[in-house]
Amino acid sequence: LRHYAITQLVKKNISPALIMRISGHSSPQMLHRYTNISGDEACEIVADLAADFFIHKIYMIPYYVESVK
């Protein structure tokens with residue numbers, strides 16, 4: 001159950017520091033040991049993060065341009 005819960009938090013892009021705090025792990029190495037993510041799942045997570053970053057940057061451009069004027 002612990003492996004599953006930690007893996008789900010990682011998949012939801014919760015920060016490792018917060019996951020470590022919730023799970024009681026004192027090191028990233030221990031957190032890694034409890035995380036079960038396949039290579040395909042890791043690629044999917046990175047792709048989602050990249051898409052979120054790209055969309056965030058596009059939406060922020062008008063605010064940035066206005067603040068620079």
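Here's a quick tour of the core, one of the helices and a couple of residues worth finding in the structure above. Keep in mind that this is a predicted model. The largest nonpolar core is made of five residues: Ile6, Ile19, Met20, Leu31 and Tyr34. Two helices, α2 (16–23) and α3 (28–34), each put at least two residues into this core.

**The core**

- In soluble globular proteins, nonpolar side chains tend to be buried together.
- Tyr34 is one of the five core residues, so it's a handy place to start looking.- Setting aside neighbours within four places in sequence, Tyr34 touches Arg2, His3, Ile6, Thr7 and His25.
- Of those contacts, Ile6 also belongs to the core.

**The two sides of α2**

- Which residues of α2 are buried? They are Ile19, Met20 and Ser23.
- These three sit on the same side of α2, because they cover an arc of only 100 degrees around the axis.
- Ile19 and Met20 also appear in the core list.
- The cover over the buried residues of α2 includes α1 (2–11) and α3.
- Turn to the face pointing away from that buried side, and you'll find the exposed residues Ala17, Arg21 and Ile22.
- After α2 comes Gly24, which has a positive phi, near 85 degrees.

**Glu44 in α4**

- Helix α4 spans residues 39–68, and Glu44 is part of it.
- Is Glu44 buried or exposed? Glu44 is exposed, because its relative accessible area is 54%, and the cut-off for exposed is over 50%.
- Glu44 and Lys11 are 33 residues apart along the chain, yet their C-alpha atoms are separated by 9.2 Å.

Notes
Residues numbered from 1 in each chain as written. Predicted model: local features only at pLDDT ≥ 70, side-chain atom pairs only at ≥ 80, totals over all residues. Heavy atoms only, no water. Core = buried A, V, L, I, M, F, W, Y, C linked by side-chain atoms within 4.5 Å. Buried < 20%, exposed > 50% of the residue type's maximum accessible area, 1.4 Å probe, protein only. Helix = DSSP H or I, 4+ residues; strand = E, 2+ residues; numbered from the N terminus. Contact = heavy atoms within 4.5 Å. Arc of directions from axis to C-beta.
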